[in-house]
Amino acid sequence: MTTAVAAPFRFFSLQVVRTRRLGPSLVRVTFAGEDLRHFFSDGRDQSLSLFLPQPGRREPRVPVELGDGWWQGWRELPDGVRAVMRSYTLRALRRNPDEIDIDFVLHTPAGPASHWASRAAAGDRVLLLGPAVADNRAIRFRPPQDTDLVVVWGDETALPAVSAILESLPAGLRVRVWLEVHDAGTIQDLATAADADITWLVQDAQAAESSPMALGPLRDARLPPAERPYVWIAGESSCVKRLRRHFVGERGIDRRRVTFVGYWRQGLSEEQLRERGE
């Protein structure tokens with residue numbers, strides 16, 4: 001049984017179909033389930049909430065039977081029972097059969113989601129809070145129609161979103177992309193019809209993770225001339241803020257044409273961020 005929450009989002013009961021390593025620190029998990037016939041999304045940087053079972057439990061515990069009261073009920077469950085909640089980006093949606101892909105970054109030391117993904121196997125059950133309407137408020141990448149240049153920066157956690165964004169762009173649109181990863185083995189061929197120039201930056205193991213490597217290259221970069229650029233930045237929160245200041249303050253791009261999303265914050269778990277209202 002599934003319970004609608006606040007349209008256009010609802011819960012989906014899913015199970016793992018297969019997993020595939022994409023690199024040293026990235027694994028793709030494919031999910032299926034009858035509920036997916038009600039799942040619709042326009043892709044791009046579609047955000048999802050994934051609920052994973054606590055260690056030793058077969059299914060995630062979320063009180064969906066409470067309807068709109070599920071959130072408070074979930075928060076009140078004991079720590080060892082309450083499902084682990086994490087935010088992810090939809091990587092792909094397919095029909096016939098209905099399947100979705102979610103890419104997980106594997107960390108060391110591993111958090112609960114990274115630990116789960118590294119051991120995920122066919123039949124493992126999860127719960128997903130996702131869209132039942134294709135164009136929904138959990139899609140942030142929205143370049144204005146008059147955009148003549150798209151500029152993108154993302155760290156490893158934003159790679160699934162950047163990949164999906166590139167696939168959605170029309171032929172001929174000029175795009176400049178910077179992607180930061182921890183390992184050269186994570187570098188991928190990204191498909192796009194756009195006129196895209198993609199720069200991969202492999203982080204120095206000795207460098208501070210909160211210091212965006214792209215800040216130097218971006219300051220030095222000569223962007224193609226554009227009258228109406230659009231910028232999308234996503235990844236570690238402090239990096240995102242610094243890069244936004246660069247585009248708005250140093251390059252003079254209209255702040256209304258800059259989308260910035262903090263996917264995570266150095267030193268804080270998602271639970272801690274949620275408690276702080278971030």
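**Exercise 1: a pair of strands and their sheet**

Determine in which sense strand 8 (residues 174–181) and strand 9 pair, and over how many bridges; then place the two strands in their sheet.

*Solution.* Strand 8 and strand 9 pair in the parallel sense, over eight bridges, where two strands count as paired if DSSP finds at least two bridges between them. The model is a predicted one, in which local features need pLDDT of at least 70 and side-chain atom pairs count only at pLDDT 80 or more, while totals for chains, interfaces and linings use all residues. Residues are numbered from 1 along each chain as its sequence is written, and side-chain values use heavy atoms, with hydrogens and water left out. Helices (H or I, at least four residues) and strands (E, at least two) are DSSP runs, numbered from the N terminus.

Within the pair, Trp178 stands opposite Thr199 in strand 9. The next step is the sheet, which is open and consists of five strands in the order 9-8-7-10-11, with parallel pairing. Its edges are strand 9 (195–202) and strand 11 (258–264), each of which pairs on one side only. From one strand to the next, the twist averages 10 degrees.

**Exercise 2: strand 10 and its neighbours**

Work out which strands pair with strand 10, and whether its residues are buried or exposed.

*Solution.* On one side, strand 7 and strand 10 pair in the parallel sense over six bridges, and here Val152 has Trp232 in strand 10 as its bridge partner. Strand 10 is also joined to strand 11 by six bridges, again in a parallel run, and Trp232 finds its bridge partner there in Thr259.

As for burial, eight of the eight residues of strand 10 are buried, so this strand is largely enclosed by the rest of the structure; buried means under 20% relative accessible area, exposed over 50%, and partly exposed in between (1.4 Å probe, protein chains only).

**Exercise 3: helices on the sheet**

Identify the strands that helix 3 and helix 5 touch, and give the direction of each helix.

*Solution.* Helix 3 (residues 159–168) lies across strand 7 (149–154), strand 8, strand 9, strand 10 (229–236) and strand 11, and runs at about 160 degrees to strand 8. Helix 5 (residues 237–250) packs on the sheet and touches strand 7, strand 10 and strand 11, its direction making about 160 degrees with that of strand 10. Contact here means heavy atoms within 4.5 Å, and axes are lines fitted to C-alpha atoms, for helices over the stretch in contact, with angles running from 0 to 180 degrees between N-to-C directions.

Together, strand 10, helix 5 and strand 11 make a right-handed β-α-β unit, meaning that, with the strands pointing away from the viewer, the path from the first strand over the helix to the second runs clockwise.

**Exercise 4: salt bridges**

State how many salt bridges a search of the whole structure finds, and describe the one between Asp197 and Arg176.

*Solution.* The search finds 17 salt bridges, each being a side-chain nitrogen of Lys or Arg within 4 Å of a carboxyl oxygen of Asp or Glu. In the bridge between Asp197 and Arg176, the closest N and O atoms are 3.5 Å apart. This pair links distant parts of the chain, since Asp197 belongs to strand 9 and Arg176 to strand 8, 21 residues apart. Asp197 is partly exposed at 37% relative accessible area, whereas Arg176, at 14%, counts as buried.

Asp135 and Arg142 also meet in a salt bridge, at 2.8 Å from N to O. Asp135 is partly exposed, with a relative accessible area of 45%, and Arg142 counts as partly exposed at 37%. Elsewhere, Arg18, Arg94, Glu99 and Asp101 are linked in a network of salt bridges.

**Exercise 5: aromatic pairs around Phe11**

Decide which geometry describes the ring pair of Phe11 and Phe51, and which describes that of Phe11 and Trp70.

*Solution.* Rings of Phe, Tyr and Trp (its six-membered ring) pair if their centres lie within 6.5 Å; planes under 30 degrees apart count as stacked, over 60 as edge-to-face and the rest as tilted. By this rule there are eleven aromatic pairs. The rings of Phe11 and Phe51 have centres 5.8 Å apart and planes at 55 degrees, so this pair is tilted. Phe11 lies in strand 1 (residues 9–23) and Phe51 in strand 3 (residues 47–52), so the pair ties together parts that are 40 residues apart in sequence. Phe11 is buried at 1% relative accessibility, and Phe51 is buried at 0%.

For Phe11 and Trp70, the ring centres are 5.1 Å apart and the planes stand at 85 degrees, so the pair is edge-to-face. Here strand 1, with Phe11, is linked to helix 1 (residues 70–76), with Trp70, over 59 residues. Finally, Phe11, Phe51, Trp70, Trp71 and Trp74 form one aromatic cluster.
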